[in-house]
Every structure is written in structure tokens, then in C-alpha cells.
Amino acid sequence: MLHRVDTPNVGGIWYNEHLKMSPEMIEKMVIYARTHRCEFVSLDEMADAIRKKKDVRRLIAITLDDGYRDNYVNGTPVFRRLNIPYTIYVCTKMVEGEMLYWWEILEQVILHNNQIVLNDGRTFDCSTKEKKEQAFLDIREIILKLRQDKLGEQLKELFASYDIDLQLGNDHLALTWEQIKELGKEPLATIGNHSYSHLAFTGCTDDEICTDIKHAADEMRTNTGIEMQHFAFPFGEATAVSQHDIDLVKRLDFKTSATTKDGFVCYGTNPLELPRLFVTEKNWKQVIDRIVANC
Ligand SMILES: [Zn+2]
């Protein structure tokens, strides 16, 4: 599981930067994995191997969550050169330019100030790199507890003394429909559904969840002609995905659905509950060593 294909910025906040893996490091990882007899396959091939109970040992399917523009700009050339299949799970609200990238907004405020004072008086020391990292985590916790449906307004209130831009990132972070159409022509690329609004399933009704996922499918079909057959839960950790959610996704006829539950695909793994391994610029070697040691 990757998110972004870009070089992490050393001056940035690690919590955001660790979502990036550079093309150079992806190449190193792939070469290292191949020398250890790992094979890179598409999600269709992975699903087929699971269903037909074929040997899934050391099969790796690369997935990228959310639909960042760098997946196309920086990712496509390296995946093509290495001949690696990959799946990009697109959150279509990002493509529409309607996303609230609050974690990017928070990073900008923290990087540009030596101290943050929220509207309720809570103060965070941001005078050093370490303190900035800690302030990010602390304020992140506060933001996650806000009402998510009115997040924009609430952020404006919380950061009343700062000039924050709620549109930050909407002009350059996400894939465009044109780029997704191009990806649709790439034999190595698969486009998957990551919901419309990246909603947390916990706290939503079945109807709300289905409507959101179908809305993403409709938008994708209308704008690119692509039918998405694979799904990734927007918040895929074990605690956020219930058996009920998995049954719900089953009714929507996806071939596979991916969680962020850490682990390997094994004999008998449910294709609608795929575990994944989070690779970063720093941990990729350990991840491949773990696969080699266990499979
Ligand atoms: Zn996501």
C-alpha cells in the first residue's frame, strides 16, 4: 500500500511526508523484491489466484490510495519502465476539486509559525522541528474529533487568528479526469473505487455508504468510461471495517476490497477483506524481508 509517488520533503511534517515514496526508492524496492523471487501481479491476477486457490506466495500487488496526481506524473513512468502492474484507488471528490486537505493546511500553519494559539486559547509550541511534529499530532487529534460534516467552518473558527486557505491543494494534488482516462489506456494500471467523499463508515447508515460508493462509480463512468471492479475502504484499519461493512461491499459486486489491516494474502484469504502492508521511503526493505521470511 502506497499513497503518493514523490520524494519526501525533509523539512515537512513526517506524518504527511511518510505518505510519499520516491520513484527511485520504488525502483530499488522492486529490484530487491525480484532478486528475492517476488512477483508483481495485478489485483485481477491476485483475485484469480485466491479464488482458484493457486499459490499466492510472494505475489505482490501494488496499490496506491486516494488518487494523487503524482501517481500519474511520477508513478506511471517508473511502473512502465519496471513493468509493474498497479492499482490506484480514486476518491472522486478529490478529482472534483472539492476536497478539504486539512492535514496539508495544518502542516502549512505549523511550518510558518513558531507557536499556534487556537481560538479556545490552547497553545502549541512550534519553535523547533520536533515541537512542530508533536504539535501536528496533537492538533490532528483535535481536528479528528470535530464534526466532519462541517469541518471547513470549524477549521476556520479553530484557526481564527490565522489566514487558512480551505481550498489548499485542490488545484494540484489530485488526478484529473483526463489523467485517469490516460491511465485507463495503460495496460498495467487498474482504477479502483475509494468512495466519493472518503467517509468514515463508522457512524454512517448503509444507505449513506452505498450512495457514496455508487456516486463515485457514476462519476467515474460518466467522466472516463471506466467501470471500477475493485474497492478500498477509506478508513481501512481493522477497527474501522466490520463484517457488516464487508457484507455491504459484497452486495455492490466488487471483485476485491482492500483494508489497511496489516498482513499478507494467504491461502483462504477473503478477497473482500485484503490485508495490506504499508510501505514507505524508510521501511520498504523490512517489508520485503517480512514477505520473504513469511511466504
Ligand atoms: Zn484513503
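This report describes a predicted model, beginning with its zinc site and continuing with its pockets, its nonpolar cores and selected loop residues.

## The zinc site

Three protein residues act as donors to the zinc ion: D66 through OD, H194 through NE2 and H198 through NE2. Their distances from the ion run from 2.1 to 2.2 Å. Along the chain, these donors follow the spacing D-x127-H-x3-H. D66 belongs to strand β5, which covers residues 62-66, whereas H198 sits in the loop between β9 (189-193) and α10 (206-224), so the pair ties together parts of the chain that are 132 residues apart in sequence.

Two of these donors may also be described by their accessibility. D66 has a relative accessible area of 9% and is therefore buried, since the limit for that class is under 20%. H198, with a relative accessible area of 17%, is buried as well.

## The largest pocket

The largest pocket holds about 1500 Å³ of space. Its lining consists of 42 residues, and those nearest the centre are W102, W103, L144, H198 and F235. H198 is thus named both here and among the donors of the zinc ion.

Several elements give two or more residues to this lining: α1 (14-17), β5, α5 (92-95), α6 (102-111), α7 (129-144) and α8 (151-158). The largest share comes from α7, which provides 3 residues. By class, the lining of the largest pocket divides into 21 nonpolar, 14 polar and 7 charged residues.

## The second largest pocket

The second largest pocket contains about 220 Å³ of space. It is lined by 16 residues, and R4, K20, E104, E107 and Q108 lie nearest its centre. Two elements, α1 and α6, give two or more residues to this lining.

Helix α6 gives the most to the lining of the second largest pocket, with 5 residues. The classes represented in this lining are 5 nonpolar, 6 polar and 5 charged residues. Both α1 and α6 also appear among the elements that give two or more residues to the lining of the largest pocket.

## The nonpolar cores

The largest nonpolar core has 39 residues, of which I62, Y86, I180 and I191 touch the most other members. At least two residues of this core come from each of α2 (23-35), β5, α4 (69-82), β6 (86-90), α9 (177-185), β9 and α12 (284-294). The element that gives the most is α2, with 6 residues. Strand β5, which supplies residues to this core, is also the strand in which the zinc donor D66 lies.

Y86 illustrates the contacts made by one member of this core. Leaving aside residues up to four places away in sequence, Y86 touches I62, L64, T76, F79, L183, E186, L188, A189 and T190. A second, separate core comprises 31 residues, including Y101, W102, W103 and I139. Of these, W102 and W103 are also named among the residues nearest the centre of the largest pocket.

## The loop between α7 and α8

R147 is placed in the loop between α7 and α8, and its relative accessible area of 46% makes it partly exposed. R147 and L175 are separated by 28 residues in sequence and by 27 Å in space, C-alpha to C-alpha.

Q148 is likewise found in the loop between α7 and α8. At 44% relative accessibility, Q148 counts as partly exposed. Its C-alpha atom is separated by 9.4 Å from that of A200, a residue 52 places apart from Q148 along the chain.

## Positive phi angles between α3 and β4

Most residues other than glycine have a negative phi. Against this background, K53 has a positive phi of about 55° although it is not a glycine. R58, also a residue other than glycine, has a positive phi near 60°.

K53 is located in the loop between α3 (43-51) and β4 (59-60), and R58 is found in the loop between α3 and β4 as well. The two residues fall into separate accessibility classes: K53 counts as exposed at 53% relative accessibility, whereas R58 is buried, with a relative accessible area of 15%.

Note on methods. Residues numbered from 1 in each chain as written. Predicted model: local features only at pLDDT ≥ 70, side-chain atom pairs only at ≥ 80, totals over all residues. Heavy atoms only, no water. Donors = N, O, S within 2.8 Å, 3.2 Å for Na, K, Ca; no water. Helix = DSSP H or I, 4+ residues; strand = E, 2+ residues; numbered from the N terminus. Buried < 20%, exposed > 50% of the residue type's maximum accessible area, 1.4 Å probe, protein only. 1 Å grid on protein atoms, 1.4 Å probe; cavity = no way out; pocket = protein on both sides within 12 Å on 5 of 7 lines; lining within 4 Å. Points joined across faces, edges and corners; volume = space filled by probe spheres on them. Nonpolar A, V, L, I, M, F, W, Y, C, P; charged D, E, K, R; others polar. Core = buried A, V, L, I, M, F, W, Y, C linked by side-chain atoms within 4.5 Å. Contact = heavy atoms within 4.5 Å.
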